[in-house]
Amino acid sequence: MDGEVLRDDQWEKVKSFVPGGRKGKRGPRSDGRRFFDALLWMARSGARWRDLPEGRFGPYQTAKRRYYRWIEMGVFDRLFAAVAADP
């Protein structure tokens, strides 16, 4: 999976922009880093949502819903603005 995931130092820079991740009764509610890695996989491969490897990233429907929620919440706008200011 080398080259398909963020390094730890890269993840530390974007982690604060990732919503969720609060601990629920049975553990963390979501794995923001795994989802972010799924987005990178999608961008690099140019694949459709259905082609997302479920074994590594979970059900594609979950990732797709979360992606559109992030768009509505403005997560990407904030993330891109921060990255552009400090690449």
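This report describes helix packing, the nonpolar core and the salt bridges of a predicted model.

**Helix packing**

Two packed helices are described by the angle between their axes and the distance between the axes. Helix 2, which spans residues 32-45, and helix 4, which spans residues 60-73, have axes that come within 11 Å and cross at roughly 90°. Angles of 65 to 115 degrees count as roughly perpendicular, and helix 2 is therefore roughly perpendicular to helix 4. On the helix 2 side, the contact is made by Gly32, Phe35, Phe36 and Leu39. Helix 4 contributes Ala63, Arg66, Tyr67 and Trp70 to this contact. By class, the residues of the contact of helix 2 with helix 4 are six nonpolar, one polar and one charged.

Helix 4 also packs against helix 5, at an angle of about 70° and with the axes 5 Å apart. These two helices are therefore roughly perpendicular to each other as well. Tyr67, Trp70, Ile71 and Met73 of helix 4 meet Val75, Phe76 and Arg78 of helix 5. The contact of helix 4 with helix 5 holds six nonpolar residues, no polar residues and one charged residue. Tyr67 and Trp70 of helix 4 take part in the contact with helix 2 and also in the contact with helix 5.

Lys64 is another residue of helix 4. Its relative accessibility is 34%, so Lys64 counts as partly exposed. Lys64 and Phe35 are 29 residues apart in sequence, while their C-alpha atoms are 9.8 Å apart in space.

**The nonpolar core**

In soluble globular proteins, nonpolar side chains tend to be buried together. In this model, the largest nonpolar core has 19 residues. Those with the most contacts inside this core are Trp11, Val14, Phe36, Leu39, Trp49, Leu52 and Trp70. At least two residues of the core come from each of helix 1 (8-14), helix 2, helix 4 and helix 5 (75-85). Helix 2 gives the most, with six residues.

Some core residues also appear in the helix contacts. Phe36 and Leu39 of helix 2 and Trp70 of helix 4 belong to the contact between these two helices. Leu52 touches Ala38, Trp41, Met42, Phe57, Tyr60 and Ala63, leaving aside residues up to four places away in sequence.

**Salt bridges**

Side chains of opposite charge can pair when their charged atoms come close. The whole structure has four salt bridges, among them the pairs in the table.

| Acidic residue | Basic residue | Closest N and O atoms |
|---|---|---|
| Asp9 | Arg7 | 3.0 Å |
| Asp8 | Arg33 | 2.9 Å |
| Asp51 | Arg48 | 3.4 Å |

The pair of Arg33 and Asp8 links distant parts of the chain, with Arg33 in helix 2 and Asp8 in helix 1, 25 residues apart. Arg33 has a relative accessible area of 22% and is therefore partly exposed. Asp8, at 54% relative accessibility, counts as exposed.

In the pair of Asp9 and Arg7, Asp9 is partly exposed, with a relative accessible area of 42%. Arg7 is also partly exposed, with a relative accessible area of 49%.

In the pair of Asp51 and Arg48, Asp51 counts as partly exposed at 38% relative accessibility. Arg48 has a relative accessible area of 55% and is exposed, since the class begins over 50%.

Technical notes
Residues numbered from 1 in each chain as written. Predicted model: local features only at pLDDT ≥ 70, side-chain atom pairs only at ≥ 80, totals over all residues. Heavy atoms only, no water. Axes fitted to C-alpha atoms, helices over the stretch in contact; angles between N-to-C directions. Helix = DSSP H or I, 4+ residues; strand = E, 2+ residues; numbered from the N terminus. Parallel < 35°, antiparallel > 145°, perpendicular 65-115°, else oblique. Contact = heavy atoms within 4.5 Å. Nonpolar A, V, L, I, M, F, W, Y, C, P; charged D, E, K, R; others polar. Core = buried A, V, L, I, M, F, W, Y, C linked by side-chain atoms within 4.5 Å. Buried < 20%, exposed > 50% of the residue type's maximum accessible area, 1.4 Å probe, protein only. Salt bridge = Lys/Arg side-chain N within 4 Å of Asp/Glu carboxyl O.
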